[in-house]
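Work through the exercises below with the sequence and the 3D view at hand. Try each task before you read its solution.

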Amino acid sequence: MHSFPGVVAVGYINEAIDEGNPLRTLETLLLPTANISDVDPAHAQHYQDVLYHAKSQKLRDSKSVSKVLWLDEIQQAVDEANVDEDRAKQWVTLVVDVNQCLEGKKSSDILSVLKSSTSNANDIIPECADKYYDALVKAKELKSERVSSEGSWLKLNLHEKYDYYYNIDSKESSWVTPESCLYKESWLTGKEIEAFWKGYKQRKEYMHRRQMFIDNTDSIVKIQSWFRMATARKSYLSRLQYFRDHNNEIVKIQSLLRANKARDDYKTLVGSENPPLTVIRKFVYLLDQSDLDFQEELEVARLREEVVTKIRANQQLEKDLNLMDIKIGLLVKNRITLEDVISHSKKLNKKKGGEMEILSNTDNQGIKSLSKERRKILETYQQLFYLLQTNPLYLAKLIFQMPQNKSTKFMDTVIFTLYNYASNQREEYLLLKLFKTALEEEIKSKVDQVQDIVTGNPTVIKMVVSFNRGARGQNTLRQLLAPVVKEIIDDKSLIINTNPVEVYKAWVNQLETQTGEASKLPYDVTTEQALTYPEVKNKLEASIENLRRVTDKVLNSIISSLDLLPYGLRYIAKVLKNSIHEKFPDATEDELLKIVGNLLYYRYMNPAIVAPDGFDIIDMTAGGQINSDQRRNLGSVAKVLQHAASNKLFEGENEHLSSMNNYLSETCQEFRKYFKEACNVPEPEEKFNMDKYTDLVTVSKPVIYISIEEIISTHSLLLEHQDAIAPEKNDLLSELLGSLGEVPTVESFLGEGAVDPNDPNKANTLSQLSKTEISLVLTSKYDIEDGEAIDSRSLMIKTKKLIIDVIRNQAGNTLTEILETPATAQQEVDHATDMVSRAMIDSRTPEEMKHSQSMIEDAQLPLEQKKRKIQRNLRTLEQTGHVSSENKYQDILNEIAKDIRNQRIYRKLRKAELAKLQQTLNALNKKAAFYEEQINYYDTYIKTCLDNLKRKNTRRSIKLDGKGEPKGVKRAKPVKYTAAKLHEKGVLLDIDDLQTNQFKNVTFDIIATEDVGIFDVRSKFLGVEMEKVQLNIQDLLQMQYEGVAVMKMFDKVKVNVNLLIYLLNKKFYGK
C-alpha cells in the first residue's frame, strides 16, 4: 500500500506530466515524499517524454483500472530514461572515435576503437580489421562528397521515438533540438558503422560453412536422401492410416469433387462460346435415344392426334348444336315445323353415336392404306405442307390474296389444322412466326393511318384472337375471368341498367304485360324526360354505384393476372406495337398503347365478358342460359372497361354517366401500365429455344391431321394465286406444285376403286370421304438426300452424327488430332459393338422416328472410314464457309454442343407438353360430355313435344306416320279486325292523316302463311284493299327484347309491339 504522502506526490507528478513542463516534472520527481531514486536534473526533458509516453500507453489500455502512473511505474520510467542516456553516450563514443580515427587515417587503431565502443567485443573479427577500415574510409569519402556545409551536431534516434543530440566541439548533449542546429553530415552514423562490421562477420561465417559443405558433399547427400526417405515413409504411413480412419468422409469428398467437376464441365458446355472437345465428349451420351424417349414421343403423338381430332369434332358439334338451338327457338316461336327439328336431332345423335369418330379415324393406317402412286402424291403433299408450315411468307401472302370471307374460312380450318392448333412448342413457335409475318405484311400494305387497326377489322388480328380464344386458349380466359364473371352472374340482387330510356321503357312494358292494358304513360321519351321520373333516377344512381363496384373487381382480376395472358397474344401485341411505330414514327406512346389495348382487351377479353356462355368462361347446364338482366350487367361492365381502355369519356348521349369520368381516367392509367408490361416478352426463339436446326435434331417428325377436302382446297388456292405468292420459277413452292400437277378430285385423290362408279349415292359418298382425315408426316424435300443435291445444312447434320460416333470411341484434345491419329484395333472393336447396340435400338424405333437410309448406312461404316468421310465433308463445308480448319473445326463442335443443350431442353419441354396435352384433352372431353348432355336434353324436349301433340289437339294439329314423325300442319283461319277495335284493345295507337272517328272504316286481315311465324297483314279502306305487309313474329320478339314499344306498319300505322305479340299468341297459338 502507498502511504498518504506518496499518494500526494503521485498526484503532483501526474499533474506535471499532463502539463508537459519538463522542469515542473523534474521538481515533482525530486520531492522527498516521492522517494524516486537516480533522478538526474540534466535529463529533465527525457524524463518528461518517457513518463508522458508511459501514461499515454496506460490511458489507451482498456484493461487498466487506474488512469495515473503510480510510484513503481514512475520509477521504472526514470530507470528506462537513464538506460537510454547510457546507450546514447555509448553510441556517441563509437561515432566520434571511429570518425576521428578515419579522419586521422589511423588504420591500426580501428580494431581497438571498434572493440572498445561496442557492447559485444566478440562480434568484431580481428582478421577483418583492414577490410573494416577500407570499407569505412570509402563510405565516409562518398558521404563527404555530397556535403557542402555542415555543423557540429550529431543526432541519434532511440526506439524510433526519442531524439538525442551531441555537439562534438562543445561536448554538449541534449534531448531537445538545440537552436541553430547544423548536423555533422560528413560523419558516418552509428548504424552505418555497425552495418559494416556485422556484414563482414556474417559473410565470413557463411563462407566457412559453405566450404565445409563442399568438402563433405557425398556425406551430406546420403544424409539428405535418408532423411527424405524416412520423412516420406512416415508421412505416407500416417496419411494412409488417416484415410483408413476417415474412409466414409473421403468417399463423400470424392463424390463432391466429381460432382463439382461434372458441374464445371456442364457449365463450360452451356456457357462457353467454344467448348473444348474433351468436355463435349463427356456429354454426347445425352444425344442417345432411350426407350423412354420413344415411349414419350409416341404418347405425345397419340395425345396430339386425339386433341386435334377432338377439337375438330367439338367444333362441328358446337355448330350443329347452335343450329339446333335456333331450330328449337323457332319451333317455340312457331317458325318451323317439328319434323325439321326431329330431322336435325337424328343427325346430332348419329354424331354422338360415333359417326364423326369413324369418319375422322378412317385413315388410321395413314399413307400405307393407299396405292403406290397415291402414296407418292401424298409424300409430295407432305413436303408441300412442311414448306408452308416452316416458311410463313407463303401463307402470309396467300391470306391477303383471297377475299376476306374466303380467307376467314381458310384460316379457321386449314391454317390452324396445319399447325395442329399449336399443340406443341414447335408448332406454336411456327404459328407465331406466321402471325408475325402476316401482321407486318398487313400493316405495311393495308394500314394507311394509325387508327385503321382500331376502326377496321384486320385479318391477322382476327386470326390471333380466334386462335387464342379457341380450344388452346379457353382455359386461359377461364382462369382470367371465370371467378369474377361467375360472381356477377350469381348475384341475383345485382341490377345494372344505365340507359334512362331503357329503364323507363322496361318499367312501362312491365306494367302493360302484367295488366294487358295500354299504359297511359307516353311511349317515346327522351333521356331528359325519362330522368324526370324519380323511380328512373333512383334506379340509375343505384346502377352507377353497382357498376363502379363490380367493374373494380373485374379490373383487378385482369391486372393481377398478367402472367396468365397467353405468351403468343402478348408477343403479337409487341409485334403490333413495334410495327405501327416503325411505319408511323410520329405516333405517341399513348396511341400505340391504345392499339395494344384494342387487341388485348376489346378484341380478346371484352366479348368473353359480354357473353361468357359463348366462350366457355362459365359452365352452363344443358338448357341453361344467362337471363337478360345478367347479360346487361356484364355488358355494362364491359362498356366501362372498353371506354377506359380506349381513354374515351362519357359524353353526348352518355352525358348522364359523366359522374364516372374521373373513374374512367384512373382506370385508363392502370390499363396503360398493364398494356405496356404485356408487351415486355422475349422473342419466340428465346422463349421456345427454337432455331432453323431444331427439326433436324428432334427424334420424331412433325405430323398433322388434315382432311382430304382441306388438302385439295389448299392445293387449289396455291395454284390460283401462285403468281402472287411464288412468282419465281425456281421457287421451292413452284417446284412442288409442278410435281403435283393439276388439282385432283376426291375420287382421283383416293385412286381407282375407292368408290363404286355404279353407286347411286356416289356424290354423297364422295362428300363424306372428302371429310376423311389423314395423317401427314411432314418432311422437307431438301432435308437429307444422297447425291450432289445435298445442301450444306444436311451435310452439316450428317457430319455431326459421324463425329459423335468417332469421339465416343477415340479420345483426343482436338478434332484434328483425332482425325489424323489412326484408330487402334481395340477402338475399332468398341466402335463395332456400339453400332450393333444402336442397330438393336433402331429396330425397336417406330417407323416415323427412324433416320434416313443414308444415315443408317453411314452408321455401319468402320471407324477409319468414318473419319475419312468426316474429312471429306469438312473440306466441303469449309468451302461453303460453315467451318474453318484454322480454328480446328471448332464451329461444328459448337453445333454439337448446342444439340446436346437443346436435347436436354427438348426432353424437359416434352414432359411439360405431355402434361399440357393431357390437361387439354381432359378439358375437351368435358366439353364433349357437355355437348352430349345438351343433345340428351334436346332429345327429351322433342320427345315431350311429341307426347304433348299426341294428347292435345290444337290449331297446329300434327299427324304422325308409322315412325312417329310429323307429316303436315293445318293452317289457322285468318283473323279480321277494324282499326277501331284494335285501337280499343290498345294494339293500334294512331294512323297518320286519319281521324279516330274514321277508324271504323279501316279493316285489317291477319293471315298465317305456310311459313310458320310469318303473317300477311292486309288493310282495307271502305272495302277497298289498299296495301299488304308481312309480319315476322321473330322480329317482333327481338323488338320486345330490345325494349322497342312502338313500331310502324304501312309507314303510317303505329302499333304497340307488346300488345300485338299478345294478340298473335292468343289468336293463332291459343296462348
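**Exercise 1: A salt bridge across the sequence**

D992 counts as partly exposed, at 25% relative accessibility. The model is a predicted one.

Task: find the salt-bridge partner of D992, and say which parts of the chain the pair ties together.

Solution.
- Step 1. The side chain of D992 meets that of K1048 in a salt bridge, 3.4 Å from N to O.
- Step 2. Place both residues. K1048 belongs to strand β13 (residues 1046–1049), and D992 to the loop between β9 (988–991) and β10 (1002–1008), so the bridge ties together parts 56 residues apart in sequence.
- Step 3. Check the surface. K1048 is partly exposed, with a relative accessible area of 45%.

**Exercise 2: Two more salt bridges**

Task: say where the pair E440 and K436 lies, and where the pair R672 and D590 lies.

Solution.
- Step 1. Begin with the principle. Side chains of opposite charge can pair when their charged atoms come close.
- Step 2. E440 and K436 form a salt bridge of 3.0 Å, N to O. Both sit in helix α17 (residues 425–446), 4 residues apart, so about one helical turn separates them. E440 is partly exposed, at 32% relative accessibility.
- Step 3. R672 and D590 also form a salt bridge, with 3.8 Å between the closest N and O atoms. This pair links distant parts of the chain: R672 is in helix α27, D590 is in helix α25 (residues 589–610), and they are 82 residues apart.
- Step 4. Apply the cut-off. Buried means under 20% relative accessible area. R672 has 7%, so R672 is buried. D590, at 48%, is partly exposed.
- Step 5. Add the wider picture. The count comes to 18 salt bridges. K261, D265 and K282 are linked in a network of them.

**Exercise 3: A sheet and a helix across it**

Task: give the strand order of the open sheet of 3 strands, and name the helix that lies across β1, β2 and β3.

Solution.
- Step 1. The order is β1-β2-β3, and the pairing is antiparallel.
- Step 2. Find the edges. β1 (153–158) and β3 (173–174) each have a single partner strand, so one side of each has no neighbour in the sheet.
- Step 3. Look at one pairing. β2 (residues 162–167) pairs with β3 over 2 bridges. Y165 has S174 in β3 as its bridge partner.
- Step 4. Add the helix. α4 (residues 71–103) lies across the strands and runs at about 45° to β2.

**Exercise 4: One loop, two residues**

Task: in the loop between α2 and α3, is A34 buried or exposed? Is D38 buried or exposed?

Solution.
- Step 1. A34 lies in this loop. Its relative accessible area is 2%, so A34 is buried.
- Step 2. List its contacts beyond four places in sequence: A9, I13, T28, L29 and L71.
- Step 3. Take a distance. A34 and Y12 are 22 residues apart in sequence, and 9.4 Å apart from C-alpha to C-alpha.
- Step 4. Turn to D38, in the loop between α2 (22–29) and α3 (44–60). D38 has 56% relative accessibility, so D38 counts as exposed. Its phi is near 60°, a positive value in a residue other than glycine.

**Exercise 5: A surface patch**

Task: which residues form a nonpolar patch with W226 on the surface?

Solution.
- Step 1. F227 and M229 join W226, and together they have about 370 Å² of accessible area.
- Step 2. M229 sits in helix α8 (residues 217–245). M229 is partly exposed, at 40% relative accessibility.

Methods. Residues numbered from 1 in each chain as written. Predicted model: local features only at pLDDT ≥ 70, side-chain atom pairs only at ≥ 80, totals over all residues. Heavy atoms only, no water. Pairing = 2+ DSSP bridges. Contact = heavy atoms within 4.5 Å. Axes fitted to C-alpha atoms, helices over the stretch in contact; angles between N-to-C directions. Buried < 20%, exposed > 50% of the residue type's maximum accessible area, 1.4 Å probe, protein only. Patch = residues over 30% accessible without salt bridge, like charges linked within 9 Å, V, L, I, M, F, W, Y side chains within 5 Å. Areas by Shrake-Rupley, 256 points an atom, 1.4 Å probe, with all protein chains shown as cover. Salt bridge = Lys/Arg side-chain N within 4 Å of Asp/Glu carboxyl O.
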